[in-house]
Amino acid sequence: MEFTLNQIASLIGGKVEGDGSLKVSHLDKIQEGLPGGISFLSNEKYETYIYSTEATAVIVSETFKPTKPLKTNLIIVKNAYEGFTLLLETYASIIKSEKTGIEEPSYFDKSSTIGNNFYRGAFSYVGKNCEIGESVKIYPNAFIGDNVKIGDETIIHAGVKVYNDTIIGKKCEIHAGAVIGGDGFGFAPVEDGTYKAIPQLGNVVIGDKVSIGSNTTIDCATMGSTVINNGVKIDNLVQIAHNVTIGENTVIASQTGISGSTEIGKNCVIAGQAGIVGHLKIVDGTTIGAKTGIIKNVTNSGQTLFGYIGFDLKEFLKSYSIFKKLPELQDRIKELEKKL
Amino acid sequence: MEFTLNQIASLIGGKVEGDGSLKVSHLDKIQEGLPGGISFLSNEKYETYIYSTEATAVIVSETFKPTKPLKTNLIIVKNAYEGFTLLLETYASIIKSEKTGIEEPSYFDKSSTIGNNFYRGAFSYVGKNCEIGESVKIYPNAFIGDNVKIGDETIIHAGVKVYNDTIIGKKCEIHAGAVIGGDGFGFAPVEDGTYKAIPQLGNVVIGDKVSIGSNTTIDCATMGSTVINNGVKIDNLVQIAHNVTIGENTVIASQTGISGSTEIGKNCVIAGQAGIVGHLKIVDGTTIGAKTGIIKNVTNSGQTLFGYIGFDLKEFLKSYSIFKKLPELQDRIKELEKKL
Amino acid sequence: MEFTLNQIASLIGGKVEGDGSLKVSHLDKIQEGLPGGISFLSNEKYETYIYSTEATAVIVSETFKPTKPLKTNLIIVKNAYEGFTLLLETYASIIKSEKTGIEEPSYFDKSSTIGNNFYRGAFSYVGKNCEIGESVKIYPNAFIGDNVKIGDETIIHAGVKVYNDTIIGKKCEIHAGAVIGGDGFGFAPVEDGTYKAIPQLGNVVIGDKVSIGSNTTIDCATMGSTVINNGVKIDNLVQIAHNVTIGENTVIASQTGISGSTEIGKNCVIAGQAGIVGHLKIVDGTTIGAKTGIIKNVTNSGQTLFGYIGFDLKEFLKSYSIFKKLPELQDRIKELEKKL
């Protein structure tokens with residue numbers, strides 16, 4: 001599809017500086033801009049590229065003042081990043097095919113209901129007594145067990161597995177291969193050295209606008225619910241154990257693991273490969289760095305924790321910089337001992 | 001479903017203190033007990049809740065002596081935790097729907113056999129020459145390759161993938177999305193900088209009463225077998241590489257990885273996100289902490305190892321506490337140097 | 001199947017020392033060799049086993065000179081390991097069943113095309129406008145979205161999920177449960193504390209002879225492509241984020257995570273559970289140890305990096321050996337302070 005710069009400016013509420021009748025047909029990174037493409041400049045680190053880019057146009061913020069001559073055309077908006085995101089969204093809604101209807105064969109138990117405007121892909125499965133809202137998309141090979149509720153406009157991607165009794169809110173997106181509601185890892189030791197499985201009778205409850213990444217696993221509660229609140233964003237290959245609660249708008253990056261019964265507050269940011277042991281409380285607004293291990297409650301909001309056993313980021317980095325010089329430090333101690 | 005306290009007491013071999021004719025219909029945590037609910041008190045940390053809980057009844061051990069007046073009714077058993085687990089199990093066996101029969105379409109090669117009382121979900125696949133025991137449940141979208149053997153009463157959850165030649169014992173439970181028997185990661189370097197795949201001709205052999213978590217991956221052996229012995233419990237997103245052996249009743253928590261040809265003993269406990277390099281032997285009864293890296297054989301039974309490169313837990317914690325104070329230590333050395 | 005030693009010698013270009021008419025039917029490790037089996041001796045660490053093995057024959061390099069009497073027969077080749085690998089490959093091509101044809105039901109949109117000699121398993125799904133080459137195998141329950149291209153002789157195992165617009169080269173093998181092309185983890189913070197999803201409009205482009213492990217996830221680019229170049233080998237449960245580039249013949253072991261927009265060079269080796277933050281460049285020929293965190297560009301080729309925040313392997317090990325002795329070091333400082 002092609003659009004003129006004037007059309008794009010009108011769409012994102014900007015004004016053209018240059019030839020508004022020129023047409024663009026693709027979105028480019030500014031450093032890889034090609035004729036017919038449109039880019040954006042938000043981060044000043046990339047300013048140098050705007051003078052050399054071959055993109056037909058670049059979206060810039062109104063604060064941008066060129067310091068050299070430009071070959072490209074500009075679309076000036078209040079905030080270039082937001083303008084570009086709006087353009088992206090519009091573009092996405094045009095190119096992302098709107099799947100609807102039923103592909104056969106698919107399986108849908110007759111005790112279950114689904115709202116209008118749905119998509120049920122081939123080989124998708126919906127068990128008994130499910131209540132599925134409007135405009136829900138269930139991609140091929142997805143499995144929805146019994147007694148599951150899914151809110152309006154939620155997307156269940158290919159091969160997602162949702163166990164019985166799970167409740168999923170509105171406008172969620174669950175990516176391919178994620179498993180929601182598998183048994184919690186609960187085993188009671190028996191005297192003969194074996195373990196007995198503790199029945200896992202709870203469920204998973206997911207709020208609205210939650211995003212869950214590919215192949216992530218969220219276990220059901222032993223009793224009660226594992227709770228993922230509104231607006232939580234979870235990346236790929238994350239493990240959420242039984243009875244965990246994740247507060248609103250918390251973001252969890254890939255390969256992080258959260259052990260049983262831990263409560264994570266609201267608006268936390270947890271980077272990749274972090275690990276949090278069980279039965280902890282992490283206060284709202286906590287930032288946990290990549291690969292960080294958390295073994296104690298976090299009670300003061302606004303901290304950034306980092307390290308193998310996490311503590312204050314800056315202090316960790318200071319200690320680690322000395323760790324790197326430990327051989328030298330040891331030599332200095334030897335030297336002192338010799339002198340004394 | 002509703003049960004009277006007398007019925008429950010009789011089921012778990014206890015006696016009622018209070019009104020045995022009262023009815024309960026749900027299982028609650030003691031701190032969240034509601035009228036019509038039954039809880040248990042096992043860990044004394046929670047004793048305070050028994051005086052305020054609104055649960056209709058609480059299961060307690062015979063050693064429990066209330067120190068304040070109680071509003072709730074008691075069911076007294078020898079061991080409250082065991083009593084409650086028994087109740088859980090009974091409850092689970094009632095509410096967990098017993099799937100049986102065939103949902104269509106499903107695929108079952110006619111050269112394969114399956115015992116009585118099975119469940120084969122829609123879109124489940126069973127390849128050639130498989131021998132599947134009695135009362136096996138194969139959930140929707142599960143894939144069983146060729147020449148696979150599965151013992152009685154094993155449950156294969158939705159979307160599990162089992163490669164050719166795998167052998168699975170009795171009473172196992174394999175959770176959704178797990179992959180059993182994928183190729184080991186074996187590549188031989190070639191002079192031109194590329195790698196050539198080494199054919200992976202072995203299989204995976206899984207004992208009885210093994211539990212495998214969601215999206216866990218267990219690779220087949222290059223030759224011979226990757227072996228998961230009886231009673232092993234493996235959590236979600238765990239990686240078990242080719243030719244690994246896991247001893248009986250060993251427990252492995254989420255996101256741990258075990259590299260090729262390593263032998264883990266019996267009755268080990270391995271916490272989450274641990275990593276064990278290849279070709280090691282870990283003796284029976286070893287405990288490995290979360291995020292711990294193991295790069296050497298463990299030969300003395302009963303150790304608890306912890307750390308980035310794991311060593312004795314207590315020693316690691318001592319060293320780590322000094323690591324946190326390294327800036328101070330460095331200052332003290334500077335001070336000493338100045339004085340001399 | 002049985003072969004005589006003479007047949008095997010002729011296959012792998014070797015000569016028999018012993019009875020060439022003897023028959024073997026299985027491949028054994030030398031330390032587990034049984035009558036009727038054939039083993040190989042490549043690593044001298046295992047030489048001791050050749051004098052006691054019960055294997056009928058052992059493949060040895062021409063440089064091998066027995067120092068004790070042998071009970072087994074020898075097949076002598078230039079390089080025992082290569083000879084055995086050749087035997088493995090031949091054996092594999094015989095025993096690994098060549099699946100072809102269509103199993104029903106399966107789903108294949110009529111706008112898509114596929115070359116000759118294909119396999120499409122039951123419950124496999126191919127969406128719109130796909131172009132699939134010759135001799136491609138698509139196993140049961142695999143999902144291929146719209147506009148996907150797959151090169152000749154590529155194998156897509158059971159339950160793999162390939163999102164729209166992905167391009168996969170020739171002779172690739174993608175193991176069960178892997179997810180290719182899921183949305184990148186891109187969310188823009190909004191003033192009210194929530195996050196807005198940034199549309200992920202790019203794709204994944206995979207070169208030739210790439211191997212991808214079970215349940216690995218590779219996200220699509222925000223714009224442009226996430227690129228996995230020719231000959232890359234990726235193990236199980238690896239996370240590759242949006243806009244990452246992996247150079248030719250780089251090997252990535254299990255559970256490693258690579259964050260957004262990072263570029264990994266050619267011929268790198270990345271061990272298990274490593275983590276690399278976003279927007280970095282890692283030069284060709286870099287080795288990154290297990291569990292290592294990389295937070296800076298790597299610009300000098302040939303380095304081996306290791307550690308929680310990775311630096312030179314040998315230096316890390318030196319520092320870590322002193323870390324273990326920190327309590328002693330602290331005591332020595334106290335002692336010095338006392339003396340002064």
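These legends go with close-up views of two chain-to-chain interfaces in a predicted model.

**View 1. Chain C meets chain B.** Let's start with the overall extent of this interface. On one side, 68 residues of chain C make contact, and they touch 64 residues of chain B. Together the two chains bury about 5100 Å², with carbon and sulfur atoms giving 65% of that area. Look for Phe123(C), Lys291(C) and Phe323(C): these supply 11% of the area that chain C buries against chain B, more than any other three residues.

**View 2. Charged and polar pairs between chain C and chain B.** Three salt bridges are counted between these two chains. A good pair to zoom in on is Glu89(C) and Lys196(B), whose side chains meet in a salt bridge at 3.7 Å, N to O. Polar contacts add to the picture, with 28 residue pairs found across the interface of chain C and chain B, both partners at pLDDT 80 or more.

**View 3. The side of chain C that touches chain B.** The elements giving two or more residues to this side are helices H3 (80–95), H4 (313–323) and H5 (326–339) of chain C, along with strands E28 (233–234) and E31 (251–252) of chain C. H3(C) gives the most, with eight residues. Sorted by class, this side of chain C has 33 nonpolar, 19 polar and 16 charged residues.

**View 4. Chain A meets chain C.** Now we move to the other interface. Here 68 residues of chain A are in contact with 64 residues of chain C. The buried area between chain A and chain C is about 5100 Å², and 65% of it comes from carbon and sulfur atoms. Phe123(A), Lys291(A) and Phe323(A) are the ones to find, as 11% of the area that chain A buries against chain C is theirs, more than any other three residues supply.

**View 5. Charged and polar pairs between chain A and chain C.** The salt-bridge count between chain A and chain C is three. One of them joins Glu89(A) to Lys196(C), with the closest N and O atoms 3.7 Å apart. Across this interface, 29 residue pairs are in polar contact, both at pLDDT 80 or more.

**View 6. The side of chain A that touches chain C.** At least two residues each come from strands E28 (233–234) and E31 (251–252) and from helices H3 (80–95), H4 (313–323) and H5 (326–339) of chain A. With eight residues, H3(A) gives the most to this side. The class tally for the side of chain A that touches chain C is 33 nonpolar, 19 polar and 16 charged residues.

Methods. Residues are numbered from 1 along each chain as its sequence is written. Chains are lettered from A and ligands numbered from 1 in the order in which they are written. This is a predicted model: local features need pLDDT of at least 70, side-chain atom pairs count only at pLDDT 80 or more; totals for chains, interfaces and linings use all residues. Side-chain values use heavy atoms; hydrogens and water are left out. Contact means heavy atoms within 4.5 Å. Buried area is the accessible area (1.4 Å probe) that two parts lose on being put together, summed over both. A salt bridge is a side-chain nitrogen of Lys or Arg within 4 Å of a carboxyl oxygen of Asp or Glu. A polar contact is a pair of N or O atoms within 3.5 Å; within protein, one must be able to donate a hydrogen and the other to accept it, and residues adjacent in sequence count only if both atoms are side-chain atoms. Helices (H or I, at least four residues) and strands (E, at least two) are DSSP runs, numbered from the N terminus. Ala, Val, Leu, Ile, Met, Phe, Trp, Tyr, Cys and Pro count as nonpolar, Asp, Glu, Lys and Arg as charged, and the others, Gly among them, as polar.
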